[in-house]
Amino acid sequence: MSEINIENIMDEIREEIRQKGYTDDMLSFDEIENLEQNGDQYLEVEYQDILKKMNENYNIAWYRKLEGNPFSRLLKKVVRKLTSFLGVPVVTEQVGFNALVTREFNQLSGYIQSQKDELDKCRQEIAPLMDKVEELQENMRNSV
């Protein structure tokens, strides 16, 4: 097994950086939005987008318009008739499953929103209490 030379690796990285023209004044990791701090908003947008797509696309159509020249459409129609006894039940079950999953995600969306509302309410109730605690602690320090 060969020895790993970190200096050679670092030299290769530095050379690649030099070749690509990267400079220190370019975007740094510090300037990237912290997803932990703002992740709630990011995830909400992503979640709502996925939920919208699920609601629009859960139904899979077994029969679609046949395209092509008359001979290929006829051939496709024959193949569809011969295979429909295999495909239709599978597609029907898949649509049913997709509908259940989509309904559950809609329920989860409502639950998430109710939890956010509850959390906001708790934060509003806690804020004045924390101010009162700080005030009492300050009074205790001043009286000692």
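Visitor: Leaving aside neighbours within four places in sequence, which residues is S109 in contact with?

Guide: In this predicted model, the residues that S109 touches beyond its sequence neighbours are Y47, Q48 and L51. S109 itself is found in helix α3.

Visitor: Is S109 buried or exposed, and how is that decided?

Guide: The label depends on relative accessible area, and buried means under 20%. S109 has 15%, so S109 is buried.

Visitor: What share of the residues in the protein is buried?

Guide: Of the 144 residues in the protein, 10% are buried. The accessible surface of the protein comes to about 13200 Å². Carbon and sulfur atoms account for 58% of that surface.

Visitor: How many helices and strands does the protein have?

Guide: There are three helices and zero strands. Along the sequence the pattern reads α-α-α. Helix α1 covers residues 6-20, helix α2 covers residues 35-57, and helix α3 covers residues 70-143.

Visitor: Among contacts between residues at least 6 apart in sequence, what share joins residues at least 24 apart?

Guide: That share is 66%. A separate reading of sequence against space is a C-alpha distance. V101 and N55 are 46 residues apart along the chain, and their C-alpha atoms are separated by 9.9 Å. V101 has its place in helix α3.

Visitor: Which accessibility label does V101 receive?

Guide: V101 has a relative accessible area of 26%, so the label is partly exposed. That label covers values between the buried limit, under 20%, and the exposed limit, over 50%.

Visitor: Now to charged side chains. What is the general idea behind a salt bridge?

Guide: Side chains of opposite charge can pair when their charged atoms come close. The structure holds six salt bridges. One of them joins the side chains of R18 and E15, with 2.4 Å from N to O.

Visitor: Where do R18 and E15 lie?

Guide: Both are in helix α1, three residues apart, which is about one turn of the helix. Their accessibility labels can be read in turn. R18 is exposed, because its relative accessible area is 57%. E15 is partly exposed, because its value is 30%.

Visitor: Which residue forms a salt bridge with D49?

Guide: The partner of D49 is K53, and their closest N and O atoms are 3.4 Å apart. D49 and K53 are four residues apart in helix α2, so about one helical turn separates them. D49 is partly exposed at 38% relative accessibility. K53 is also partly exposed, with a relative accessible area of 47%.

Visitor: Which residue does the side chain of E138 meet in a salt bridge?

Guide: E138 meets R141, at 2.9 Å from N to O. Both residues lie in helix α3, three residues apart, about one turn of the helix. E138 has a relative accessible area of 37% and is partly exposed. R141 is exposed, with 54%.

Visitor: Which residues gather in a patch of negative charge on the surface?

Guide: The patch of negative charge is formed by D117, E118, D120 and E125. Patch members must have over 30% relative accessible area and no salt bridge. E118, which lies in helix α3, has 40% relative accessibility and so counts as partly exposed. That value is over the 30% that a patch member needs.

Visitor: Which residues make the nonpolar surface patch, and what is its area?

Guide: I4, I6, I9, M10, I13, I17 and Y22 make a nonpolar patch of about 670 Å² on the surface. Among them, I13 is found in helix α1. I13 has a relative accessible area of 39%, so I13 is partly exposed.

Visitor: Which of the residues discussed would serve as a review of helix α3?

Guide: S109 in helix α3 is buried. V101, in helix α3 too, is partly exposed. E138 and R141 add a salt bridge within helix α3, and E118 of helix α3 belongs to the patch of negative charge.

How values were computed. Residues numbered from 1 in each chain as written. Predicted model: local features only at pLDDT ≥ 70, side-chain atom pairs only at ≥ 80, totals over all residues. Heavy atoms only, no water. Patch = residues over 30% accessible without salt bridge, like charges linked within 9 Å, V, L, I, M, F, W, Y side chains within 5 Å. Areas by Shrake-Rupley, 256 points an atom, 1.4 Å probe, with all protein chains shown as cover. Salt bridge = Lys/Arg side-chain N within 4 Å of Asp/Glu carboxyl O. Lys, Arg positive; Asp, Glu negative; His and termini not counted. Charge placed at Lys NZ, Arg CZ, Asp CG, Glu CD. Helix = DSSP H or I, 4+ residues; strand = E, 2+ residues; numbered from the N terminus. Buried < 20%, exposed > 50% of the residue type's maximum accessible area, 1.4 Å probe, protein only. Contact = heavy atoms within 4.5 Å.
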